[in-house]
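Ready to get to know a new structure by working through it? Grab the viewer and try each exercise before you read its solution.

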Amino acid sequence: MSVNPLIWANYKLTGGRRSHVLTVVVYAGLIAVAVGLSYQAVKPAEYRWVTSVWLGLVTAAQALLAFLLVPMAIRRAVMRDFQSGMIESHRLAPISNGRIVLGYLAGPPLQAAWLLVVGLAAGTCLVTALSVGGSWREPIAWWAFHGYLLVVTLLVAALVLLTALATGGKASFLAIAFVSAIFGGWLAVVFVPGLALLSGVTLVAALPEPVVRGATFLAPEEAAAVLAGILGQLALAVLFIKAACRKVRAPHRPMFDLPLGLVLLVVWAGALIVGVALPGAFEWIYEDWGDIGIAQLVASTAAFMVVALFPLLAAVSERVRRDRARILSGAELRGGCALTVLMPCLLGAATVATLLLMASFASHTRIPGLVWVQRAWLPEWPELARLVALLVACGLAFWINFNIFYQFVARGAKVLLVAVLSLVLLQALPLIIDGVVLTVLEELNRAPNYVDLYTAGFSPIGTVLLCVSAGGNPWPGLAGQVVLGGLAWLVGGRARRQLVAARGG
Amino acid sequence: MAEPLLELEDVRVLYGRLVAVDGVSFALRGGELLGMIGPNGAGKTTTLRAAAGLQPISTGRVRVMGRDVFSSPVEAGHHLGFTPDTPALYDTLTVEDFLEFVARCYGLPRSLAAERRDHWLSELWLADKRKAKIGTLSRGMKQRLAVARTLLPDPHVVLLDEPAAGLDPAGRAQFRRLLAGLRDQGKALIVSSHILADLAEYCTHIAIIGHGRLLSWGTVAEVAGATTAELCRYQVVLAQRVGDAATRLASIEGVVAVEVDGDTLKLECGADRLSAARLLERLIRAGLPVAEFRPLRPDLEEAYLRSGIGQVD
């Protein structure tokens with residue numbers, strides 16, 4: 001099989017053989033000279049300490065190369081190809097989408113990959129020098145670390161590539177992640193255990209131990225979390241790569257089509273449930289936060305609803321395509337019609353099912369208010385009433401978004417900003433207002449209503465919060481959500497009428 | 001009749017609510033060269049991009065050699081070449097490396113790739129630039145390199161969007177010969193251009209596009225003369241003015257649509273050479289002092305203006 005043309009082109013674009021060999025030689029030489037000089041500067045008794053320091057530095061450099069340089073090279077290559085129009089040259093050529101994606105994943109970061117190999121070799125030498133009595137344990141741990149690094153790098157690279165293909169390289173996933181982390185986004189790892197699971201924090205925290213000290217300390221629950229995390233990362237990487245393959249020749253389509261979006265949701269739901277079910281694995285992250293069981297459950301449900309917007313958007317795009325084809329040419333496209341219409345209901349039901357599963361696996365002692373949820377699988381009144389409230393709120397949330405998205409997709413506009421606005425205004429704002437009101441009332445010594453809250457019920461996440469808390473009344477807020485649903489129906493109807501008007505040109 | 005190499009069937013492209021291409025349908029067979037004309041914003045580029053599978057379509061179908069360009073892009077890609085109006089190139093690669101990259105994309109064997117690369121570099125006057133970085137080339141050279149990129153894989157269907165825009169007069173003349181050569185090799189070609197005189201010279205068919213619609217479609221003679229391909233317009237210049245020239249011409253069998261302007265006559269008659277010879281003989285027999293007799297090339301410019309489309313905002 002011939003070399004992937006994109007890998008070959010990127011190899012040439014980054015200077016060809018001369019530049020690549022020079023980079024490797026200079027990097028390897030720098031490490032060798034620096035390590036050698038530091039050994040000369042200390043006494044033989046301090047050699048072990050110096051080796052440990054250098055191993056730490058090489059580990060940091062490896063992480064930096066893998067998480068920063070590799071994704072940056074990929075994004076810049078995509079941006080270059082969009083700006084020069086070469087992306088269309090790739091689309092025209094008889095190269096499969098998979099080969100194009102492979103070319104982007106492996107071609108632009110080629111130089112960074114050589115440096116990683118040099119780092120791996122240097123680290124192996126250092127670890128071998130550290131190992132006591134020629135033990136293989138430390139080198140194996142070092143290589144295991146790199147195996148894990150490869151998995152995470154693949155995940156990050158796939159996500160960066162997908163984002164770059166969706167935005168022409170303009171949006172940087174790394175920059176978004178960095179900025180959101182600065183503005184409190186890191187809290188997501190605390191309140192959404194599924195995210196902690198997928199981010200691999202347990203393994204990242206545990207790995208330096210066997211490498212540096214030659215010890216392993218993963219408890220059974222941590223080991224399970226690590227395994228589940230790696231499986232989840234691999235599954236997500238495959239999904240992102242598949243989505244990127246789709247995006248190569250269908251830039252106008254949403255990131256995920258309906259089947260891919262639903263699989264993404266299933267993987268995400270699995271991670272959320274396992275994350276809640278293995279609280280011991282992440283105890284060290286949120287041990288200082290007190291009893292946040294309910295907050296984790298609600299935040300995890302909200303996280304599920306955010307990711308559920310991907311299959312929802314796919315359903316909207318498919319619906320618009322079908323409506324347009326019917327209006328413009330009278331053609332009824334075959335298959336999957338009902339699924340696009342029923343998607344809001346399906347996603348609403350999936351949200352409630354995920355919540356119930358998370359609640360079923362959650363610790364009783366941590367979330368006392370969950371007793372009813374655990375009985376909700378075989379509900380009796382009033383459990384049934386709360387279940388109905390949850391189903392209506394979640395179904396309505398997706399239905400409102402379905403109609404709003406329809407309006408924008410039909411106009412050919414970008415939906416990302418609309419989705420963010422919808423999340424902020426319809427889901428987060430009522431909760432934020434409540435947070436402010438509760439704080440102010442507390443400051444004024446006015447006995448705030450922590451049970452029914454104030455505006456939270458107008459948000460579907462607020463309804464979830466009221467339903468899983470003991471004694472909360474979700475019904476008044478739910479009535480407000482029904483009114484919003486009516487408005488959304490009008491917006492959707494207007495968009496469909498505009499599609500008909502477009503026929504007239 | 002041969003199978004069409006390129007078929008567009010009721011193609012519609014919508015940008016939001018704007019209908020950019022509205023129900024365009026046509027088919028091109030081997031040896032047919034379609035010139036696409038229309039004002040800026042009429043939908044020429046969008047139609048070409050849709051034909052290449054680069055522009056998503058709202059309804060309709062595009063097939064190249066019987067394969068749908070959207071559902072089977074890889075299979076269709078083997079037979080399709082497209083040059084956009086702005087050349088898409090890697091500025092930091094050399095001309096030679098760029099064409100090697102293209103050959104690799106199309107899976108050409110090394111020897112064949114080298115042979116074709118040398119051929120097209122020579123055909124497009126780029127042979128002495130093979131080691132030059134693309135970024136150092138002039139706009140016209142880049143345009144020629146983009147055409148070389150399109151032709152290197154030897155596609156059956158070639159789509160060129162404003163290919164002569166960056167070329168000097170010599171380059172344009174050379175380019176006309178190149179297109180005529182490709183047409184004669186049996187390829188199906190579409191060229192969008194504003195240079196109507198050039199199109200009249202090498203195109204077999206013309207499509208006038210306005211507001212996303214195909215306003216006029218046919219052979220050059222059909223579109224230009226708005227008449228059948230069997231008739232041709234002739235211009236006759238007399239040695240001196242003849243008062244009853246129109247009456248004398250009307251009496252000649254087969255002559256239609258006579259225009260008299262002083263000593264210059266314009267008329268339509270059979271397009272074949274025998275008809276032309278007979279017409280000349282009868283003109284002389286009718287006592288007209290013929291000083292000059294020549295068939296007129298179909299006048300696309302006139303046809304274009306006659307179609308009534310203005311500039312699109």
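Below are five short exercises, each with a worked solution.

A word on the ground rules: this is a predicted model, where local features need pLDDT of at least 70, side-chain atom pairs count only at pLDDT 80 or more, and totals for chains, interfaces and linings use all residues. Residues are numbered from 1 along each chain as its sequence is written, while chains are lettered from A and ligands numbered from 1 in the order in which they are written.

**Exercise 1. Find where confidence is lowest and where it is highest in chain A.**

Start with the score itself: pLDDT is the predictor's confidence in each residue, from 0 to 100. Chain A averages 85, and 89% of its residues score at least 70. Now go helix by helix (helices are DSSP runs of H or I with at least four residues, strands are E runs of at least two, both numbered from the N terminus). The low point is α12(A), residues 208–213, with a mean of 52, and the high point is α5(A), residues 97–106, at 97. Where pLDDT is low, the predicted coordinates should not be read in detail.

**Exercise 2. Work out how α5(A) and α13(A) cross.**

First, fit the axes: they are lines through C-alpha atoms, for helices over the stretch in contact, with angles from 0 to 180 degrees between N-to-C directions. The axes of α5(A) and α13(A) (residues 220–249) come within 8 Å and cross at roughly 110°. That makes α5(A) roughly perpendicular to α13(A); the cut-offs are under 35 degrees for roughly parallel, over 145 for roughly antiparallel, 65 to 115 for roughly perpendicular, and oblique for the rest. Next, look at who touches whom, counting a contact when C-beta atoms, placed from the backbone, lie within 7 Å. A:Ile100 and A:Val101 are among the residues from α5(A), and α13(A) brings A:Ile241 and A:Ala244, among others.

**Exercise 3. Do the same for α21(A) and α22(A).**

These axes, from residues 416–443 and 460–468, come within 7 Å and cross at roughly 55°. So α21(A) is oblique to α22(A). On one side sit A:Gln427, A:Pro430 and A:Leu431, and they meet A:Pro460, A:Ile461 and A:Gly462 on the other.

**Exercise 4. Which strands of chain B stand at the edges of the four-stranded sheet?**

Write down the order: β2-β1-β4-β5 in an open sheet, with antiparallel pairing. Strands count as paired if DSSP finds at least two bridges between them. β2(B) (18–28) and β5(B) (67–68) each have a single partner strand, so one side of each is left without a neighbour in the sheet. Zoom in on β1(B), residues 6–15: β1(B) pairs with β2(B) over eight bridges, and B:Tyr15 stands opposite B:Leu18.

**Exercise 5. Trace the six-stranded sheet of chain B and the helices lying across it.**

The open sheet runs β6-β7-β8-β3-β9-β10, and its pairing is mixed. At the edges you'll find β6(B) (80–83) and β10(B) (213–219), and the twist averages 15° from one strand to the next. Inside, β3(B) (33–37) and β9(B) (205–210) pair in the parallel sense over four bridges, with B:Met36 partnered by B:Ala207. Finally, add the helices: α1(B) (44–51) lies across β3, β7, β8 and β9 of chain B, at about 150° to β8(B). Helix α5(B) (139–151) lies across β6 and β7 of chain B, running at about 170° to β6(B).

Definitions and conventions. Contact = placed C-beta atoms within 7 Å.
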